[in-house]
Amino acid sequence: MSEGLTGPFLMVVEDVFRHASRGVRGVRVTGQVERGRVRAGDDVEVVGFGGGAATVPVLAVEAGGLRAAEAGAGAGAGTNAGVVLPEAVAGALERGQVLAEPGTVGAHRHFFADLDVLAADQGGVELRDGEPLAVYLRAATVTGTMALLKGTEVLRPLHQGSVAVALEHPVPVELGQRFAVRHAGRAVGSGTVTGLSR
């Protein structure tokens with residue numbers, strides 16, 4: 001597994017399919033490669049939700065819909081790829097997880113962030129402690145709650161504040177990662193992860 005092209009391999013799980021082609025049976029995971037490269041025979045870790053951070057071998061790799069020697073971010077961030085994994089992990093795979101080089105990405109239910117609230121005419125509303133939110137991290141959508149930090153009582157439209165976010169399920173989160181939030185069914189803001197906690 002190559003750590004070139006911006007670091008250790010990480011691919012967002014967007015879709016999962018049964019796979020049987022050219023003598024290889026398994027489950028095909030498709031999504032965007034954010035960084036690194038992967039080849040058949042490499043081990044990858046399934047991170048997030050109920051994945052249990054399982055490490056599994058890659059049986060085959062696809063790029064551009066065709067079997068390939070490797071897939072990676074060489075064409076730029078957001079390169080689409082397919083990775084075929086053993087059938088045994090089919091029930092543990094779902095949208096919003098990531099496939100990653102083992103030990104490089106963790107799943108978290110709690111993180112700290114700087115949150116920017118949209119202008120009122122763009123959907124921004126006042127946000128208070130304990131507000132229920134839908135949090136969008138890569139391809140994952142997770143219910144969460146927000147706690148305001150640094151003595152702030154309310155975040156108003158067009159303001160930024162430090163928050164602690166608690167998620168319903170553990171998802172892959174990294175420092176510096178961008179995310180979006182919705183409240184009562186509408187987009188209200190976006191943020192950047194500044195700290196991680198289990």
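Student: Where in the fold is the place of Val-56?
Tutor: Quick caveat: this is a predicted model, where local features need pLDDT of at least 70, side-chain atom pairs count only at pLDDT 80 or more, and totals for chains, interfaces and linings use all residues. Residues are numbered from 1 along each chain as its sequence is written, and side-chain values use heavy atoms, leaving out hydrogens and water. Strands here are DSSP runs labelled E, at least two residues long and numbered from the N terminus. Residues 54–57 form one of these, and Val-56 sits in it: strand E6.

Student: Is Val-56 buried or exposed?
Tutor: Buried means under 20% relative accessible area, exposed over 50%, and partly exposed in between, using a 1.4 Å probe and protein chains only. Val-56 has 6% relative accessibility, so the label is buried.

Student: Which residues is Val-56 in contact with, leaving aside neighbours within four places in sequence?
Tutor: A contact means heavy atoms within 4.5 Å. One partner is Asp-43, 13 residues apart from Val-56 along the chain, with C-alpha atoms separated by 5.4 Å. The full set is Asp-42, Asp-43, Val-44, Val-46, Leu-85, Pro-86 and Val-89.

Student: Which strands make up the closed barrel?
Tutor: Two strands pair if DSSP finds at least two bridges between them. The pairing in this six-stranded barrel is antiparallel, and the order is E12-E17-E15-E14-E18-E19.

Student: In E17, what is the bridge partner of Asp-114?
Tutor: Strand E12 covers residues 107–117 and strand E17 covers 160–172; they run antiparallel, joined by nine bridges. For Asp-114, the partner in E17 is Ser-162.

Student: Which residues have the most contacts inside the largest nonpolar core?
Tutor: A nonpolar core is a set of buried Ala, Val, Leu, Ile, Met, Phe, Trp, Tyr and Cys residues joined through side-chain atoms within 4.5 Å. The largest has 24 residues, and E12, E14, E15, E17, E18 and E19 each supply at least two of them. The residues with the most contacts inside are Phe-111, Leu-127, Val-135 and Phe-179.

Student: How many residues are in the second, separate core?
Tutor: Its members include Phe-9, Val-29, Ala-81 and Leu-93. The count for this second core is 21 residues.

Student: Is Thr-30 buried or exposed?
Tutor: Thr-30 is found in strand E3, residues 24–35. Beyond four places in sequence, Thr-30 touches several residues, among them Met-11, Phe-17 and Ala-81. Its relative accessibility is 15%, so Thr-30 counts as buried.

Terms used
Helices (H or I, at least four residues) and strands (E, at least two) are DSSP runs, numbered from the N terminus.
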